[in-house]
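Reader: Hey, got a minute to go through a structure with me? I'd like to talk about charge pairs and pockets.

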Amino acid sequence: MCISMAPAGFSGTTVYAGRRHHPEHGLIHVLGYQNTSVNLATGPNAMLLHLPALPMARENFLSVGTSDDILERMVDAVRPIPVAAPATMDWMSWEPVPRVAVFDHDVYTVLLARDATAIPEALYQVEPRKRPRLDPRLLEFYAERYPCHTIAVCCFDNGDAQRAKPLLMWYEPLDPDQLTLPALDCHTGGPPDPDAEVPVDHWVLFGTDEAPEGWGEPVDYPAGMRHMLRGFLPDTVMGAYYGQEALPNGDFTLAHEDLLAGDLDRVRRLRPV
């Protein structure tokens, strides 16, 4: 369900992609990502996400605070009914952007880079208990296949299955009209096989603030949610569960015009370039 830097198990993945016109940041995409992970390596591990985004910084990662069930609430909105923190800064500033930003976010220590091959030189900033071993072939794969993406390496050290709070981030997208969710799969620590068929266990969710009346399913957010966080989230969502069969390795993607039309049959798997 994602890429890890060493053997790991991931299950129950929920991914959300939304498009919004934010009053401060303009036209942005918002990504939500959550799963249950267990580290199967003898040492630390990391989950990698490739983001179709222009340069990002720590401020692009949103704290969900006590609203750590927001993706579960989105799933509840679209699931078939059975019978009987402080304000963020605008990242578009004149502050210099480091080659690799390193910061803590929930249970993770995150390394954020435009060039995957720059990650090893920053790894010393991760405390030893969370510092994974790197396979150079994996970083070369990202540098070659996703040269314009932002790479997030989320380091963790749990030895038991643990469901972390959702990762929620906003960014200026490479393509505003295409909503793409990272879902490339490999849990060995090496580069993934882009030609493989892989099992999936995903709830895939979409939202847009341009949706027409009657579109999607309303999300029941907690009453105490911070106003700042609510400004990044959709009123209604559409989505589906993927897990009945293996799919070609790759990401999920959907054109915004197809999302507005409510045509989730147009969701497709996007393989690495």
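**Salt bridges and the pocket**

Author: Sure, starting with charge pairs: the count comes to twelve salt bridges, each a side-chain nitrogen of Lys or Arg within 4 Å of a carboxyl oxygen of Asp or Glu. This is a predicted model, where local features need pLDDT of at least 70, side-chain atom pairs count only at pLDDT 80 or more, and totals for chains, interfaces and linings use all residues. Residues are numbered from 1 along each chain as its sequence is written, and side-chain values use heavy atoms, with hydrogens and water left out.

Reader: Which residue does D195 meet in a salt bridge?

Author: D195 pairs with R271, at 3.8 Å from N to O. The two sit 76 residues apart, D195 in the loop between strand 11 and strand 12 (197-198) and R271 in the segment after strand 18; strands are DSSP runs of E, at least two residues, numbered from the N terminus.

Reader: Is D195 buried or exposed?

Author: D195 is exposed, with a relative accessible area of 61%, while R271 is partly exposed at 38%. Buried means under 20%, exposed over 50%, partly exposed in between (1.4 Å probe, protein chains only).

Reader: Which residues do shared partners join into one network?

Author: R19, D177 and E210.

Reader: OK, pockets. What volume does the largest pocket have?

Author: About 320 Å³. A pocket here is an open set of points on a 1 Å grid over the protein atoms alone, where a 1.4 Å probe fits, with protein on both sides within 12 Å along at least five of seven lines. The volume is the space filled by probe spheres set on the points, which are joined across faces, edges and corners.

Reader: Which element gives the largest share of the lining?

Author: Strand 11, with three residues.

Conventions
1 Å grid on protein atoms, 1.4 Å probe; cavity = no way out; pocket = protein on both sides within 12 Å on 5 of 7 lines; lining within 4 Å. Helix = DSSP H or I, 4+ residues; strand = E, 2+ residues; numbered from the N terminus.
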